[in-house]
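User: I have a structure on screen and want to go through its internal spaces and its sheet. Can we take them one at a time?

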Amino acid sequence: MEGVLVRKIKKICVFCGVNSGKDVAFVNAAFHLGEVLGKRKIDLVYGGGKLGLMGCVSTAVAQHERQVLGIIPSAFTINNLVGETCGKEIKVATMQERLVMMMELSDAFIALPGGFGTLEELFQMISWAQLNIHNKPIGVLNINGFFNGLLSFVDHAVKQEFITPRARKILISATTADELVDKLQAFRFEPDPALSKLKWSPSSSQKEKLDLTLRL
C-alpha cells in the first residue's frame with residue numbers, strides 16, 4: 001500500500017497447541033497458515049515435534065519447500081514424546097532458553113489456538129515487547145472466535161487501567177491467515193517513552209549460542 005511502510009518478514013514463529021482441538025476448523029486453519037507462509041516465502045520457527053496444530057503448520061510449510069526450524073527442550077525428546085520435528089531441530093536445556101532463541105531468530109510471532117503453554121509464549125512476547133526487549137509484531141489467528149474471550153479480557157484490563165492503550169496495540173488479531181500476515185507486515189512499534197529508555201542485551205554465553213545457531 002502506498003505510504004505504508006511494509007516490514008520485511010522472512011521468518012515467523014508460530015505458537016500453538018500440541019493437541020488438535022475439538023473443532024476441525026483449527027486443523028484446517030493451521031494447514032492453511034502453513035500454506036500462506038510457504039506461498040509468501042516465509043520460513044517457520046516453532047516448538048518442534050509433529051503433534052497437533054504444531055505438526056499441521058510445520059508440515060504445510062515444509063510441503064511448500066520453505067525452511068522449518070524446531071526449537072525443542074531436550075526433555076521433550078526423551079522417548080519421542082512429541083514426535084519427530086519437521087525440518088531442522090535445535091535442542092535446548094530449558095523452556096526459557098527456547099523462548100529467547102525463538103525471539104532472536106524470528107521476525108514476527110503468531111499464536112494459533114492452544115493451551116497454557118501457547119498462552120504463556122504469547123504473553124511473554126507481548127511483555128517483552130512492552131519492555132522494549134524486542135520490537136517485533138505479534139498476532140493471534142482468531143479462528144471461529146477462539147480468542148474472543150482473551151481479547152475481551154485484554155480490553156477489560158485496558159479499561160481498568162492495568163494495560164495502556166499504547167501497549168494494547170502490541171497485540172494484533174485477524175480471522176484469516178492472509179489478513180494477519182498483512183497486519184504483521186504493516187505493524188509499527190510504538191514504545192512507551194519511559195520503558196524505551198531500558199537497555200537490554202543477552203549475556204555473552206547467550207550471544208555465543210545464538211551466533212552458532214545462525215551459522216548452522
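User: What is the volume of the largest cavity?

Analyst: This is a predicted model. The search covered the whole structure and found 2 cavities of 30 Å³ or more. The largest has a volume of about 80 Å³.

User: Which element gives the most residues to the lining of the largest cavity?

Analyst: The lining consists of Met 95, Gln 96, Arg 98, Leu 99, Glu 120, Glu 121 and Gln 124. Two elements give two or more residues to this lining: α4 (95-105) and α5 (116-130). With 4 residues, the top contributor is α4.

User: How many charged residues are in the lining of the largest cavity?

Analyst: Arg 98, Glu 120 and Glu 121 are among the lining residues. Arg and Glu count as charged. By class, the lining has 2 nonpolar residues and 2 polar ones, and the number of charged residues is 3.

User: How much space lies in the second largest cavity, and which residues line it?

Analyst: The second largest cavity holds about 40 Å³ of space. Its lining divides into 3 nonpolar, no polar and 4 charged residues. The residues are Arg 166, Lys 169, Ile 170, Phe 187, Arg 188, Phe 189 and Glu 190.

User: Now the sheet. Which strands are its edge strands?

Analyst: There are 7 strands in an open sheet, with parallel pairing. Their order is β4-β3-β2-β1-β5-β6-β7. An edge strand pairs on one side only, and here the edge strands are β4 (88-92) and β7 (171-174).

User: What does the twist average from one strand to the next?

Analyst: The strands in question form an open sheet, ordered β4-β3-β2-β1-β5-β6-β7. From one strand to the next, the twist averages 25°.

User: Which residue in β2 stands opposite Lys 11?

Analyst: Strand β1 covers residues 11-15, and strand β2 covers residues 43-46. The two pair in the parallel sense over 3 bridges. Opposite Lys 11, in β2, stands Asp 43.

User: Which strands does α5 lie across, and at what angle does α5 run to β6?

Analyst: α5 also gives residues to the lining of the largest cavity. On the sheet, α5 lies across β1, β5 (108-111), β6 (138-141) and β7. α5 runs to β6 at about 150°.

User: And α8: at what angle does this helix run to β7?

Analyst: Helix α8 spans residues 177-186. α8 lies across β1, β5, β6 and β7. β7 is an edge strand. The angle of α8 to β7 is about 150°.

Technical notes: Residues are numbered from 1 along each chain as its sequence is written. This is a predicted model: local features need pLDDT of at least 70, side-chain atom pairs count only at pLDDT 80 or more; totals for chains, interfaces and linings use all residues. Side-chain values use heavy atoms; hydrogens and water are left out. On a 1 Å grid over the protein atoms alone, a cavity is a set of points where a 1.4 Å probe fits but cannot get out, and a pocket is an open set with protein on both sides within 12 Å along at least five of seven lines; lining residues have an atom within 4 Å of a point. Grid points are joined across faces, edges and corners, and a volume is the space filled by probe spheres set on the points. Two strands pair if DSSP finds at least two bridges between them. Axes are lines fitted to C-alpha atoms, for helices over the stretch in contact, and angles run from 0 to 180 degrees between N-to-C directions. Contact means heavy atoms within 4.5 Å.
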